[in-house]
Amino acid sequence: MENISVFWFRRDLRLEDNTALNKALLSRKKVLCLFIFDEQILKELPSDDARVNFIYNNLCRIDQSLKLNNSSILCVKGNPIKVWKELVQSYSIESVFVNKDYEPYGRTRDAKIKKFLLSKSIDFLSFKDQVIHEENEVLKKDGTPYTVFTPYKNKWLDIYKSKPVANLQGYQNFFQKIIPFPSLYELGFKKSSINIQDYNISQISKYSENRDFPNLDSTSYLSPHLRFGTVSIRLIMSKLTSNDDVFMNELVWREFFMQILFHFPHVVTQNFKSKYNGIKWLNKEEDFEKWCLGKTGYPLVDAGMRQLNETGYMHNRLRMVTASFLCKHLLTDWRFGEAYFAKKLLDYELSSNNGNWQWVSGTGCDSAPYFRIFNPIEQLKKFDKDEVYVKTWVPELGTDIYPDPIIEHKYARNRALEVYKKGLSG
DNA sequence: TGAAATGTTGGGGCG
DNA sequence: ACGCCCCAACATTTC
């Protein structure tokens, strides 16, 4: 049996500028491409999940280009460790190439599989690909991680050197075998009504002037593509100019929260700052329901939530407004909001979602102070003055079907200040 | 990547 | 001309 390398696709669904794939193709062994639909993860998802659809469509696209070269993606569904145990029986594998995953679940999974493969004398080689700087590349002088954004960003920029984007080399090195690609139905899923759209790089140059105005719809729609790796972060960085510093900041925030999650994995379930542990959340079920459905009676909050529910996207400013409303006005634990966003957002990324929810709730590292409370009426005046955005998503606005405010702003504000103050310790 | 409360200033109306 | 009041506009502090 021919010795081969395996390249395992995970959240890097592209052939272009893919670090581990390029390394594999240069390894002088034929490269078999693999994707595993992890049943552990899939079983939590609805059968028409848009993100599964997106992954599936991108794998199909890649499989089609590989088939032009008499190769294929081996696409299977199962428990990753079990899949690997079968694979080493069916193929004579010399090395396995992956791009590094930094999330707790991925790290545990990879460690287990690496151990198994090494026991079979198979190399497990992992590479930095989804970030510019990974967890231990941006550290303070004493070698510990940053927990404050600005100094982190300064160091990040300080050590950034642009690298040329790698071209795909060695198409002829793909393992020559045509393997049928499973249908979405065979994987236990069906077509979603929600679509992940292409990104639009040309919006980036206007990011700093437009970013606060949701009605302009001037977002790049990059986030799901960075999440699933359908574009490389190096390619995006290479498109930025010195005028794009505000946009670049957001990319640095992305890596800031990734390294926070890496070094402080307790944030997944706990406050980053334990002195906020004493906050007495009200967690009223009916309030949370109304927030989820976009029926709070605050037009801007409701518009944001309905945009999320209907499209899987939410404009950045609305993420702050809706999150602040849930935590501060409704005194609902940020974990409920985080879980809802995780379920709905097409660009859901554990590190960013968790980091930003904790930022809003005041419990996170370098977060907004607890007494900073967004006024949804003021925010509407400032950022959607002509009410174009709110009317798009809340068509019944102004009629008597539209509900009265769930809570009075001034009362809610004072209540939040009190409850937060009382809950603080240390 | 807030907002409200409080403080200060300065112009205009008026006696 | 002057002091007084009112209040808008802006600045600072507080939450």
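Okay, before anything else, a cut-off: I call a residue exposed if 12 or fewer other C-beta atoms lie within 10 Å of its own, buried if there are 20 or more, and partly exposed in between. And keep in mind that what you see up there is a predicted model.

So, let's start with Arg 28. Buried or exposed? It has 10 other C-beta atoms within 10 Å, so Arg 28 is exposed. You'll find it in the loop between helix H1, 19-25, and strand S2, 30-38. What caught my eye is the backbone: phi of Arg 28 is near 70°, a positive value, and this isn't a glycine.

Asn 283 has a positive phi as well, near 45°, and again we're not looking at glycine. That one sits in the loop between H10 and helix H11, which is 285-293. Here the count is 13 C-beta neighbours inside 10 Å, so Asn 283 goes down as partly exposed.

Now back to strand S2, where we find Leu 34. With 20 other C-beta atoms within 10 Å, Leu 34 is buried. Leaving aside residues up to four places away in sequence, Leu 34 touches Val 6, Phe 7, Trp 8, Phe 9 and Leu 74. For a sense of scale, take Ser 242: it is 208 residues from Leu 34 along the chain, and their C-alpha atoms are separated by 39 Å.

S2 comes up again with helix H3, since S2 is among the elements covering the buried residues of H3, together with helix H2 (39-42), strand S3 (73-78) and helix H8 (223-228). Those buried residues are Ala 50, Val 52, Phe 54, Ile 55, Tyr 56, Ile 62, Asp 63 and Leu 66. How far apart are the end C-alpha atoms of H3? They're 25 Å apart, and at 1.5 Å a residue the 18 residues from 50 to 67 should span 26 Å, so that agrees.

Same check on H10, residues 245-263: its 19 residues should span 27 Å, and the end C-alpha atoms are 26 Å apart, so that agrees too. The buried list for H10 includes Phe 247, Met 248, Val 252, Phe 256 and Phe 257, but also Arg 254 and Glu 255. Among the elements covering them are helix H6 (149-158), helix H7 (207-210) and H15.

Which brings me to H15 and its partner. Two packed helices are described by the angle between their axes and the distance between the axes. For H14, 334-344, and H15, 350-361, the angle is about 145° and the axes are 10 Å apart. The crossing is right-handed. H14 brings Trp 334, Gly 337, Glu 338, Phe 341 and Ala 342 to the contact, and H15 brings Asn 353, Asn 354, Trp 357, Gln 358 and Ser 361. By class, that contact has four nonpolar, five polar and one charged.

Next, Val 394, in the loop between helix H17 (388-393) and helix H18 (409-423). It has 23 other C-beta atoms within 10 Å, so Val 394 is buried. Outside the four places either side in sequence, Val 394 touches Pro 299, Asp 302, Ala 303 and Arg 306. Asp 302 is 92 residues away in sequence, yet 7.1 Å away in space, C-alpha to C-alpha.

Last stop, the DNA. What surrounds strand B? Trp 253, Met 320, Phe 371, Arg 372, Ile 373, Phe 374, Asn 375, Glu 378 and Gln 379. That surface near DNA strand B divides into five nonpolar, two polar and two charged residues. Okay, that's me done.

Definitions and conventions: Residues numbered from 1 in each chain as written. Chains lettered and ligands numbered in written order. Predicted model: local features only at pLDDT ≥ 70, side-chain atom pairs only at ≥ 80, totals over all residues. Axes fitted to C-alpha atoms, helices over the stretch in contact; angles between N-to-C directions. Helix = DSSP H or I, 4+ residues; strand = E, 2+ residues; numbered from the N terminus. Left-handed = near helix turned anticlockwise from the far one by under 90°. Contact = placed C-beta atoms within 7 Å. Nonpolar A, V, L, I, M, F, W, Y, C, P; charged D, E, K, R; others polar. Near = placed C-beta within 6 Å. Expected span 1.5 Å × (residues − 1).
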